[in-house]
Number of protein chains: 4
Amino acid sequence: MNSENFLLSEKIVSPSYIRQGSQARRSHEQLIRHLLEQGKCPEEGWSESTIELFLNELAVMDSNNFLGNCGVGEREGRVASSLVARRHYRLIHGIGRSGDIAAIQPKAAGSSLLNKLTNSVVLDILRLTGVRSVASCFVVPMATGMSLTLCFLTLRHRRPNARYIIWPRIDQKSCFKSMITAGFEPVVVENVLEGDELRTDLEAVERKIEELGAENILCVHSTTSCFAPRVPDRLEELSTMCAKNNIPHIVNNAYGVQSSKCMHLIQQGARVGRIDAFVQSLDKNFMVPVGGAIIAGFDEVFVQEISKMYPGRASASPSLDVLITLLTLGASGYKKCLSERKDIYSFLSQELKSLASSHGERLLHTPHNPISLAMSLGGLQAGNDKAVTQLGSMLFTRQVSGARVIPLGKEQTIGGHTFRGFMSHSDSYPCPYLNAASAVGITREDVSACIKRLDKCMRTLKKEANIAGSLSLQNCDTNQISGMQNVMIDMIYNIILKATDVDATFFCFD
Amino acid sequence: MNSENFLLSEKIVSPSYIRQGSQARRSHEQLIRHLLEQGKCPEEGWSESTIELFLNELAVMDSNNFLGNCGVGEREGRVASSLVARRHYRLIHGIGRSGDIAAIQPKAAGSSLLNKLTNSVVLDILRLTGVRSVASCFVVPMATGMSLTLCFLTLRHRRPNARYIIWPRIDQKSCFKSMITAGFEPVVVENVLEGDELRTDLEAVERKIEELGAENILCVHSTTSCFAPRVPDRLEELSTMCAKNNIPHIVNNAYGVQSSKCMHLIQQGARVGRIDAFVQSLDKNFMVPVGGAIIAGFDEVFVQEISKMYPGRASASPSLDVLITLLTLGASGYKKCLSERKDIYSFLSQELKSLASSHGERLLHTPHNPISLAMSLGGLQAGNDKAVTQLGSMLFTRQVSGARVIPLGKEQTIGGHTFRGFMSHSDSYPCPYLNAASAVGITREDVSACIKRLDKCMRTLKKEANIAGSLSLQNCDTNQISGMQNVMIDMIYNIILKATDVDATFFCFD
Amino acid sequence: MNSENFLLSEKIVSPSYIRQGSQARRSHEQLIRHLLEQGKCPEEGWSESTIELFLNELAVMDSNNFLGNCGVGEREGRVASSLVARRHYRLIHGIGRSGDIAAIQPKAAGSSLLNKLTNSVVLDILRLTGVRSVASCFVVPMATGMSLTLCFLTLRHRRPNARYIIWPRIDQKSCFKSMITAGFEPVVVENVLEGDELRTDLEAVERKIEELGAENILCVHSTTSCFAPRVPDRLEELSTMCAKNNIPHIVNNAYGVQSSKCMHLIQQGARVGRIDAFVQSLDKNFMVPVGGAIIAGFDEVFVQEISKMYPGRASASPSLDVLITLLTLGASGYKKCLSERKDIYSFLSQELKSLASSHGERLLHTPHNPISLAMSLGGLQAGNDKAVTQLGSMLFTRQVSGARVIPLGKEQTIGGHTFRGFMSHSDSYPCPYLNAASAVGITREDVSACIKRLDKCMRTLKKEANIAGSLSLQNCDTNQISGMQNVMIDMIYNIILKATDVDATFFCFD
Amino acid sequence: MNSENFLLSEKIVSPSYIRQGSQARRSHEQLIRHLLEQGKCPEEGWSESTIELFLNELAVMDSNNFLGNCGVGEREGRVASSLVARRHYRLIHGIGRSGDIAAIQPKAAGSSLLNKLTNSVVLDILRLTGVRSVASCFVVPMATGMSLTLCFLTLRHRRPNARYIIWPRIDQKSCFKSMITAGFEPVVVENVLEGDELRTDLEAVERKIEELGAENILCVHSTTSCFAPRVPDRLEELSTMCAKNNIPHIVNNAYGVQSSKCMHLIQQGARVGRIDAFVQSLDKNFMVPVGGAIIAGFDEVFVQEISKMYPGRASASPSLDVLITLLTLGASGYKKCLSERKDIYSFLSQELKSLASSHGERLLHTPHNPISLAMSLGGLQAGNDKAVTQLGSMLFTRQVSGARVIPLGKEQTIGGHTFRGFMSHSDSYPCPYLNAASAVGITREDVSACIKRLDKCMRTLKKEANIAGSLSLQNCDTNQISGMQNVMIDMIYNIILKATDVDATFFCFD
């Protein structure tokens, strides 16, 4: 209420109480003022009541909520369902204009403010989490893959003759498809095995650049966050190489905001070499629904170029979600989430290690991967080559989600390119394994329950393998009988698979 | 509640009342059954309580809402803010998978069902509104422009050597940018003036095809819904031409679903010739927030190809909005909206006509445009060449939204291409004009208020023009004095512009 | 947002758009200002966004929402569940203080304002609907019966020696119990039959006053809204009698606000005689959830006395509901509801009349009852004395709610008093009947569906009666066989009752 | 969704995922089953999604939500505002029927179930918190005071000739008014001072019983939870006395559920003697909005008698709030709240103690009061007799809520009875003091902030007192000058009071 209305209220209810109420209102206004002034994520989180007050204020500024508005255009922010209006806080106009997703909308001052503030708050968080010299960023209502595509499409206008994108292999479909969709030819650079880790083959990248010619290369497309035993790319060296060869460099930082290591790699890469843009997922880093990403960079002009490349308006929904979330958590709350994540990473690592040893397996040594861990499943496979796949199926039905099993030797063709050993980031990784990750928002209960159920599943599988094993031992001299026995074993597995009732292939994809 | 719980309830509350309650529940279930069985928009709209019951049921099926779930992946549908969780009905996993925006997610059976049903219901509506033979469609959380880009990017893989897109001119930035962003060269075909209407220059299109060679042309990119005096493209003839020359044909049907004429054009085009895909906006046709589109086509394989081109998951928010809206309205409710729109189109047309004649202007004769109307502003401009722009500014401050004024002679360069007479779809349209549209959701009150305020603004401007005119009459013989007088007039206008306090250029853009 | 924050916003988004947004905000503030200034129900309803803005503003003024509050009391407005906080708009402190339900709470300026405004807006509506000279009123979170009790308890302090309450009979349990609960002895005055109508027996009232002595009578407790064929009490005459004898007069106006006739009776009664307080239900008159009432009167001091009699704080929930509802409807919206109700009353009357005649029954002639109608069921009962009860049961299972059937001869003892012919307001009404009412919020669809289903039920019952009749006709001479046949008929009815599965007595109660 | 709909879903989305989803649904159903079966508060709290699912299920069973319902009654659960419908989860019919607040409503099976379950869950909590032998209870939508009134009104029917209620003094207006409102004469029994504590004067009670005659006494009305230095009444002895004399006994247990001591007293009282009913506040014990209470007792028949005394239906809102809250917390969550409260009581006690000693005051020794504490303010008053009142005012403006200051010598007349030393439960308590309580929901931050601000206020007041003191010292020999000086001091205080801008009396009331 404005001051006039507070004065009127004093006539109805005692002035001193109203005045205290109006002071209380001012403390909400102070928080909003701070946000508008600084454009930064507030240190302490806001209460739900401040957030809703603020969103209501924004909505009131949009023309679809003007009490006296009359609309004779083709896009007036009309809403047929009150459920829909309500869930968007009556912010209907989306973000951006025909020309630019970051542009201000005359019809929607409130939504425009929301958009600008979200980008500003998110930029602040990118700085706080480690990329201190990031210059500009914007939220885009597309997932990471499509956002990468947009970056590549923007680069095309700068390098109209380039056809290739150099890409250290990471077995995640959308990464690969982001290049295909943009119309470029990915040049897959296989990783090298160092200990258990799969790391960037820098020499191979360099060879490729020479081979193809820098001018024919649109960019290098590297990755930070990834499933172990792959580890983040050697960004410093790649960035230096890009700078030297005058090749753009786009980093897929999908869920890397949550890890200071990933963010540090980007900061270092930009400092010593060249990073044109880095892209991160909203949902994976900020615990919001799937569907948004942040495109960020060190050169404001280039980031703007990307934002101008998005034709038309866009959904404000992901921006709204991340703004609400960051205002709720505050910078301190978000940092607390990240530090808990780190602690639970250690916890998960220990738990997996001891579980592994109790089953004759081992935790792969992947110190460069700050989020994902891998436990070998060689013993399991030794007993029965379907056991690995079956473990995945069993975990699914036991409501362990996100634990991926990686069998050996899977082949997959995407966009004409055939990947051997798909999912393992390598043509032939030495052993099958299981992945588990400590991602932001995970709890100790998640880890404990997962370990318990995993342990149980592995015991069950081993028991079966022992039975099969003893059968096979007795019949080892006659191939014919062994053939019959194989049929029996298959039958048993089929029955089990049916019982667990899951398509045995589905859980192999991301 | 399941039957067991109903039985238990009978012990607490009288069995006959509980049984009636359980029967009442069944009637909600019947509606849901019908939807699942038919995959069609229900004829009668659902109550909010049925809709929320249904959405809650869907949410319960997603793994992030499993009571016993433990997550050790990097994307587990965690939500930090309960405001965010609530506004998405706890449907957090978005739609699609890495490989395909239409794919089913193992972690999210409910969200997958939502996605499938939305696409199915929307397909039903496309059929009901006139494109009876449409084969397949999907909702994509991107606005029309970016969705067109996705279509072009998909076509690139079919026609790797094509560089050009033939495009009958329509002055809407995002249309043009959709081609630029995809990396193609738009070949702008100017419209021809037939009476007041601007129509497709079929011969010019044909000439261009010959000139460039069909194999070098990615597609023809035509438009249905548009601002008068431009009218929908001659889809039948264009489609025939495309079929003959074996050139793909993509139709921008931005807000055409609401008009039976636009839908009929597409249906006819596909019947007699070739239309590969047509794209429509969710917000403009279904009164939902900005940010989604429907990509539809007559060949299921090609539509799937497009959906597989989208790399990664995507926001479920636009799908959720349109599903809620269509379930709320029902087919009959939506048809009622459309028929009201049509009636108000006639009403708007009459009102504008009589307003125009009272001001010495006229309603342009554009019978082929079923949504947008244009009223000449030649007289206004005659008095003062800034008056047209000023009218736009005045309407804005008077909360008339969506009424665009189109001055003559504006130039605009987009993506390297310079458009003369920008916004008028023509290098040199004969007169300036004002647009008003009868779009779905408009009310009679909108029209009446708009006409009233418009009338008032024009009177004010004329009064000023008369003063200026009389001044200019007295001083018509001496150029020097006339120069001084111009300065004065400018000053007056500047004062007025300042008072109305609006950047005089902003309202010229879409 | 305050002006400072709008200024800051201008630096982020274009000043002219922000200024328009801030103007738009002002129009909401204007509505609030008007409410605060006038304390009246706004003529036009508010949008949901204005209402929620207003409620949020109120909540912010309560100490439980102060950002810096620390509480060390035993009642601090803490809320454990965010679902609960949200559904009450974070207004937790209720209304009133220990001493007075209308008192202002230091801890809750917002809730206090809500309370005062609600009472003021409701007072305005009581005036608009016909009781122009009402002086004061307040909303109390108790239903009508308990609110009447509170009035009686207040009167006790004025008339410590009075034991009796004179009460023209109305067969509604809570009316009777309101007196019993307060500890008084109801003196039931039977109604007189005038044509079909049951009306106040004024002479009997007068006799009772003389008999008991005015000083021993706490008050006369009369009723307006009631089920036909009873009609509203003769308030004018009763009021005059009360004034003459110096006896207080409390009117139960349960659902009478919706009828101008009932309101007029009260206005007239107060003008010519004496009415101390009149009590009306919130839910029945204002379409809000059950649980609130308005206690109103013509002497501010006495109304205050009642409000001070309520010991302790009280729930703000009913106040909040009625305020939201009246702000949503506006005075014009509420008046429109009332006039629709009146129209549907005529419609219902016609429909019942023609249905009755087609079944050989008749619509009772009760012109003094403006809400409730009654249709005779004599013919139905003639065929079978259980048919009337059965009809009620059938209507229930067919989802016709609110249609009461009144069999003859029911006896009921409440608080020691035995009512013969209970539910019919009379020891021996001439025929059984069915009630239907046109209450505010009813639709034409309700009436049509009810008539249709009622018709069908009556047909079914007749068919059965005919079968039974024909059986009985054939066997009319032998009592023995007739006895057997009765057993059979009973069996049939039992089967039917079981099938319809409803306790045949439940629907006889209000 | 029912099984049929799950089957249909399997055709749309992979059967194995749907089956997992349907299993997930079953786990929600299991929780509901458990609740229906046991009628107890679940040990672990439910998620919001389970709660909302459950409430939606209940709503669907009420006739106002039947899809095919037609209503022709005067009370059909119609709701005009969707905001109102939504905030009540569409549960509109309230609880109870004309005859009984605990009765089942034919029109509202869902609401009836809600009502029964709430009473059952609340009963379980009363047992868990210490009154193990409680037989029956019900939630009533009235605050404690009015609920006590209802108990007294019920007793009147059992003891029609009784006029007095014996009441060990507690200075809380609504307690006293609850008896006045019911029409009885409270017999105030002053407390005795034992150390710092004010305790029940058992002998005085006994004398009063003899003096008035047991048959003339409606009941003894005792209190558990209260502000220190008063402590809970000696319930064991009072109960024994009541049993012996055959006098009913009603206990005001306002916020005693949160204290095992208070609950133990009631349990013991009932075991060794007689307690007819005990009444507790919903908001103070369960952190819900103001406006509900629980009436409980050891004899099911008597509790039912009370519930039948409430004439008419009632608001379901308080029942809904407490059910949501207890399902959210679970028994373990609620017990955790209580144990935290106890810990913070110790913390508050220590902090107050050290604060007191640093200001030359002391924490009163009141070991029998488990919730409220009192710190003497004798030194403060010595310096200036307005300082105590002023301290209250200062705390209010500094957003310390709930800290009451009790000056000496206040007189207050309620319902004709004059209380000397009002607020201190005693005609003449030895010193003024300040109360602070550790009530359920309090946090350590509340305590710390309160202590800090209190410390600051006391320092400020002392500084002023010193100035005044030194002035007064210098001028101690001349009365005239001292008179002038008093004027000055008064002026200073008036200025301060004006600055803090609070009516200096308001904060003395509960």
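Which residue does the UniProt annotation "modified residue: N6-(pyridoxal phosphate)lysine" cover? In the predicted model examined here, the annotation, which comes from an unreviewed UniProt entry, falls on A:K284. This lysine is part of helix α11 of chain A, a helix that spans residues 282-286. A:K284 counts as buried because 27 C-beta neighbours lie inside 10 Å, where 20 or more are required for that class. When residues up to four places away in sequence are left out, the contacts of A:K284 include A:A254, A:Y255 and A:A439 from chain A, together with B:E74 and B:R75 from chain B.

The interface between chains C and D was considered next. On the side of chain C, 91 residues are in contact with chain D, and on the side of chain D the corresponding number is 90. Helix α13 of chain C, residues 317-358, provides the largest share of the chain C side, namely seven residues. By residue class, the chain C side that touches chain D comprises 43 nonpolar, 30 polar and 18 charged residues.

Strand pairing also links these two chains, since strand β1 of chain C (residues 70-71) and strand β12 of chain D (residues 400-401) run parallel and are joined by two bridges. Within this pairing, D:V400 in β12(D) is the residue that stands opposite C:C70.

Within chain D, strand β14 (residues 411-414) and strand β15 (residues 417-420) run antiparallel and are joined by four bridges, with D:F419 of β15(D) standing opposite D:Q412. The two strands form a hairpin in which two residues lie between them, and D:G415, located in the turn, has a positive phi of about 50°.

In chain C, three strands with antiparallel pairing make up an open sheet in the order β11-β16-β13. Its edges are formed by β11 (372-376) and β13 (404-406) of chain C, each of which pairs on one side only. On average, and with direction ignored, neighbouring strands of this sheet are turned by 25° against each other. Five bridges connect β11(C) to strand β16 of chain C (residues 433-437) in the antiparallel sense, and among the residues involved, C:M375 has C:L434 in β16(C) as its bridge partner. Helix α13(C) packs on the sheet, where it touches β11 and β16 of chain C, and the direction of the helix makes about 5° with that of β11(C). The helix that packs on this sheet is thus also the element that contributes the largest share of the chain C side touching chain D.

Methods:
Residues numbered from 1 in each chain as written. Chains lettered and ligands numbered in written order. Predicted model: local features only at pLDDT ≥ 70, side-chain atom pairs only at ≥ 80, totals over all residues. UniProt positions renumbered as here; feature names shortened; annotations may be inferred. Buried ≥ 20, exposed ≤ 12 C-beta atoms within 10 Å, placed from the backbone. Contact = placed C-beta atoms within 7 Å. Nonpolar A, V, L, I, M, F, W, Y, C, P; charged D, E, K, R; others polar. Pairing = 2+ DSSP bridges. Axes fitted to C-alpha atoms, helices over the stretch in contact; angles between N-to-C directions.
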